[in-house]
Amino acid sequence: ETLQALGEQGDFASNGTCPQMGFQTLAIIPIRSGERALGVILAADERPDALDRQEVNLLENAALQLGNSIRRARVEEALRRSHEDLENRVAARTAEVVDTNTRLKEQVARREKAEQSLRHNQQMLQKVFDGISDPLMLTDAKMQIQMINQAAQGYYDLPTTTDMTGLQCHRILSTDAEACTTCPIPGAVSEGRSMFFERQGFKDATRTEKVVIYPIEDTREHLRGAVIRIQDITEEKAMERQLIQSEKLASLGTLI
């Protein structure tokens, strides 16, 4: 208990005695690491005054060096453990980053594949549109052009190099700054109802056109837009008038 108390307090006893153990010379030198006592160096001899000041100084230096060595070893051990812990964390984080990067690459690959498929489908749909001789337009529910075929571009004298996707119908097909107030197409498209009507030719008033609106809905029956078809029926109307006139003449002949 005395040695422990002296070691904890950092006291030094030289030329002391310990009669119970039979020592006439007793020196206790604490081994310290900063303010913490790690142990003691005990020097004892049965002879009185067996240690001089120089020897005690040597023991004190030895205790100091030993304390520094122990502290250094503990610091190095703590650094080693900290380094190992850091390496483990870095390895775990690296594995997470690699896994995340792999998933991102897979998502990018799937997205690129989906985009390629979408572009292919759009190209196929555009080819189908262009293969129809009547002017065709695909619009969304807000009458914004989504697709237009070559016949419609030629009909409205539109440049083939201009991307008209997302533009309002009236800004492309007419010179009006506002939407056409008398045109029934926007109302039919917004209501999602199919309809057709006849009108004078957009460019030639002597011609007769038939405009047909086909609404497009998704699987949840939400309105997605409409396909607008413009058909020149001038010859059909002329033949219809000729047929009506022939029937009138035949009826008149029968009456006579």
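In strand β4, L136, L138 and D140 point one way, M137 and T139 point the other way, and all are buried. In a regular strand the side chains alternate between the two faces of the sheet. The count for β4 is 5 buried residues of 5, so the strand is largely enclosed by the rest of the structure. The model described here is predicted.

Strand β4 pairs with β5. The two strands run antiparallel and are joined by 3 bridges. L138 has M147 of β5 as its bridge partner. T139 is bridged to I145, also in β5. Together β4 and β5 make a hairpin, with 4 residues between the strands. M143 lies in the loop between them. The phi of M143 is positive, at about 65°, although the residue is not a glycine. Most residues other than glycine have a negative phi. M143 has a relative accessibility of 8% and therefore counts as buried, the limit being under 20%.

The β4 and β5 strands also contribute to a pocket. The largest pocket of the model has a volume of about 470 Å³. Its lining consists of 20 residues, and those closest to the centre are Q122, L138, Q146, M147 and T165. Four elements give two or more residues each to this lining: α2 (53-130), β4 (136-140), β5 (145-148) and β8 (223-232). Helix α2 gives the most, with 5 residues. By type, the lining holds 8 nonpolar, 9 polar and 3 charged residues. The bridged pair L138 and M147 thus recurs here, since both residues are listed among those closest to the pocket centre.

A second hairpin occurs earlier in the chain. Strand β2 (residues 23-33) is joined to β3 by 9 bridges, and the two strands run antiparallel. I29 is one of the bridged residues, with I41 of β3 as its partner. This hairpin has 2 residues between the strands, and G34 takes a positive phi near 70°.

The loop that follows β3 leads to α2. Two residues in this loop were examined. D49 is found between β3 and α2. Its phi is near 50°, a positive value in a residue other than glycine. D49 has a relative accessibility of 59%, so it counts as exposed, the limit being over 50%. L51 lies in the loop between β3 (36-45) and α2 as well. At 18% relative accessibility, L51 falls under the 20% limit and so counts as buried. The C-alpha atom of L51 is separated by 8.2 Å from that of A27, although the two residues are 24 apart along the chain. A27 belongs to the range of strand β2, residues 23-33.

Helix α6 spans residues 234-255, and T234 is placed in it. T234 has a relative accessible area of 13%, and is therefore buried under the 20% limit. Leaving aside residues up to four places away in sequence, T234 touches T206, R207 and T208.

The overall fold combines both types of element. The protein chain has 6 helices and 8 strands. Along the sequence their pattern is α-β-β-β-α-β-β-α-α-α-β-β-β-α. The chain has 256 residues, and 23% of them are buried. The accessible surface comes to about 18,200 Å², with 52% belonging to carbon and sulfur atoms. Among contacts between residues at least 6 apart in sequence, 38% join residues at least 24 apart.

Terms used:
Residues are numbered from 1 along each chain as its sequence is written. This is a predicted model: local features need pLDDT of at least 70, side-chain atom pairs count only at pLDDT 80 or more; totals for chains, interfaces and linings use all residues. Side-chain values use heavy atoms; hydrogens and water are left out. On a 1 Å grid over the protein atoms alone, a cavity is a set of points where a 1.4 Å probe fits but cannot get out, and a pocket is an open set with protein on both sides within 12 Å along at least five of seven lines; lining residues have an atom within 4 Å of a point. Grid points are joined across faces, edges and corners, and a volume is the space filled by probe spheres set on the points. Ala, Val, Leu, Ile, Met, Phe, Trp, Tyr, Cys and Pro count as nonpolar, Asp, Glu, Lys and Arg as charged, and the others, Gly among them, as polar. Two strands pair if DSSP finds at least two bridges between them. Buried means under 20% relative accessible area, exposed over 50%, partly exposed in between (1.4 Å probe, protein chains only). Contact means heavy atoms within 4.5 Å. Accessible areas come from the Shrake-Rupley method with a 1.4 Å probe; for residues, only the protein chains shown count as cover.
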